[in-house]
Amino acid sequence: MRNLLLVLWLGAATAAADTQITVPSHALMRLPNAGSALQLERLEVADHATLLIPATLTELRIGQLLMGREARIGVAPSEQALRLEVLDGEIAPGAWISAKGAAGSYQRPATAGREIHLKLHRLTFDDLTLDVRGGRGTPGYAGLDGAHGQPGGCTWGQASAGHDGQDGSDGLAGAAGGKVTLEAAQHVEVERLRVLLDGGAGGEAGAAGRAGRGGKAKGCLLYGVDGAPDGKPGQAGREGPAGPDGALQVLRF
């Protein structure tokens, strides 16, 4: 954990001052919130390392991009598009650029995959995945359980029935997949680039509230008091619909 924090601190301290950045193997680094545009002479994300791009960055130009095996570049969700230009790149198998939307929560809705404008002048790679899927929808609220009935009493008579459980609410729709505009030189083999554009899955259905138990029977000296019936359970909500898929446009130059 200390090594991870050190890498994050060093990355934030040096990224703005140095146009050459290296993320060591198995490390995590975040680019600083130093402005909306950044130009790097060289960026290396080593094997199994991850570089995070903040939401405030809308333009990133890289002279030489090196990504090792299973290397990751994570792009924070934002309503603003990210323009990413690579002059020369070498990508190892399993590399991944993720600009997925965030899943919805009870505090904030799901967000769409980020819009990406990717311009590739030269790129050597076997495979590369660009993920702009939408975030999963907010889950539905669980229904409240029904209250239990009061037991019978020798002085106040019959027991009361249990109350019905409430219905769960429906999950909300997933967010849309992102839009990708891919500009590539004629010799870049764009068919090796896998782009994930799916809309986010719908939010989970809210669970049904459980039935309240009926009041228990009571045996008294002169008579008995019958128990009361249980309430009825609520109905579960429905899963939200999936969000719309994103779109891909390929341009050659």
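A strand here is a DSSP run of E, at least two residues long, and strands are numbered from the N terminus. Keep that in mind for the first stop, isoleucine 73, which sits in strand β6. The model on your screen is predicted.

**The whole chain**

Start with a cartoon view. The protein has one helix and 16 strands. Now colour by accessibility. Of the 253 residues, 42% count as buried. Then think about contacts with a separation of 6 or more. Residues 24 or more positions apart account for 66% of them.

**Stop 1: isoleucine 73**

Select isoleucine 73 in β6. Is isoleucine 73 buried or exposed? Its relative accessibility is 4%, so isoleucine 73 counts as buried, the cut-off being under 20%.

Add leucine 51 to the selection. Isoleucine 73 and leucine 51 are 22 residues apart in sequence, yet their C-alpha atoms are 4.8 Å apart. Now show what surrounds isoleucine 73. Leaving aside neighbours within four places in sequence, its contacts are Val45, Leu51, Ile53, Leu65, Met67, Trp96, Ile97 and Ser98.

**Stop 2: aspartate 131**

Keep Trp96, Ile97 and Ser98 on screen and select aspartate 131. Those three are among its contacts, along with Ala99, Lys100 and Leu196, once neighbours within four places in sequence are set aside. Aspartate 131 belongs to strand β11, residues 128-131.

This charged residue is buried, because its relative accessibility is 1%. What does the side chain of aspartate 131 make a polar contact with? The partner is the side chain of arginine 133, at 2.7 Å. Show both side chains as sticks to see the contact.

**Stop 3: leucine 193**

Move to strand β13, residues 193-196, and pick leucine 193. With a relative accessible area of 12%, leucine 193 is buried. Its C-alpha atom is 7.4 Å from that of leucine 130, although 63 residues separate the two along the chain.

Not counting residues up to four places away in sequence, leucine 193 touches Phe125, Leu128, Leu130 and Leu182. Leave Leu128 selected. It comes back at the next stop, as part of a cavity lining.

**Stop 4: the cavity**

How many cavities of 30 Å³ or more does a search of the whole structure find? One. The volume of the largest cavity is about 50 Å³.

Select its lining: Leu65, Leu84, Val86, Ile91, Ile97, Leu118, Leu120, Leu123 and Leu128. Leu65 and Ile97 were contacts of isoleucine 73. By class, the lining has nine nonpolar residues, no polar ones and no charged ones.

Colour the strands next. β7 (82-91) and β9 (116-120) each supply at least two lining residues. β7 gives the most, with three.

**Stop 5: the pocket**

Now turn to the largest pocket, which holds about 190 Å³ of space. Select Pro77, Ser78, Glu79, Thr111, Ala112, Gly113, Arg114, Glu115 and Lys179 to show its lining. Sorted by class, that lining has two nonpolar, three polar and four charged residues.

**Stop 6: the aromatic pair**

Two rings come next. A pair of aromatic rings is described by the distance of the centres and the angle of the planes. The structure holds one aromatic pair. Tyrosine 106 and tyrosine 141 form it, stacked at 4.6 Å centre to centre with 20 degrees between the planes.

Trace the backbone from each ring. Tyrosine 106 is in the loop between β8 (95-98) and β9, and tyrosine 141 is in the loop between β11 and β12 (179-184), so the pair ties together parts 35 residues apart in sequence. Tyrosine 106 counts as partly exposed, because its relative accessibility is 41%.

**Stop 7: two loops with positive phi**

Finish with the backbone. Most residues other than glycine have a negative phi. Two residues to check here have a positive one.

Select histidine 26, in the loop between β1 (20-23) and β2 (28-30). Phi of histidine 26 is near 65 degrees. At a relative accessible area of 62%, histidine 26 is exposed.

Then go to glutamate 70, in the loop between β5 (59-67) and β6 (72-75). Phi of glutamate 70 is near 55 degrees. Glutamate 70 counts as partly exposed, with 34% relative accessibility. From this loop, step along to β6 and you are back at isoleucine 73.

Definitions and conventions:
Residues numbered from 1 in each chain as written. Predicted model: local features only at pLDDT ≥ 70, side-chain atom pairs only at ≥ 80, totals over all residues. Heavy atoms only, no water. Helix = DSSP H or I, 4+ residues; strand = E, 2+ residues; numbered from the N terminus. Buried < 20%, exposed > 50% of the residue type's maximum accessible area, 1.4 Å probe, protein only. Polar contact = N/O pair within 3.5 Å; in protein donor to acceptor, adjacent residues only side chain to side chain. Contact = heavy atoms within 4.5 Å. 1 Å grid on protein atoms, 1.4 Å probe; cavity = no way out; pocket = protein on both sides within 12 Å on 5 of 7 lines; lining within 4 Å. Points joined across faces, edges and corners; volume = space filled by probe spheres on them. Phe/Tyr/Trp six-rings, centres within 6.5 Å; stacked < 30°, edge-to-face > 60°.
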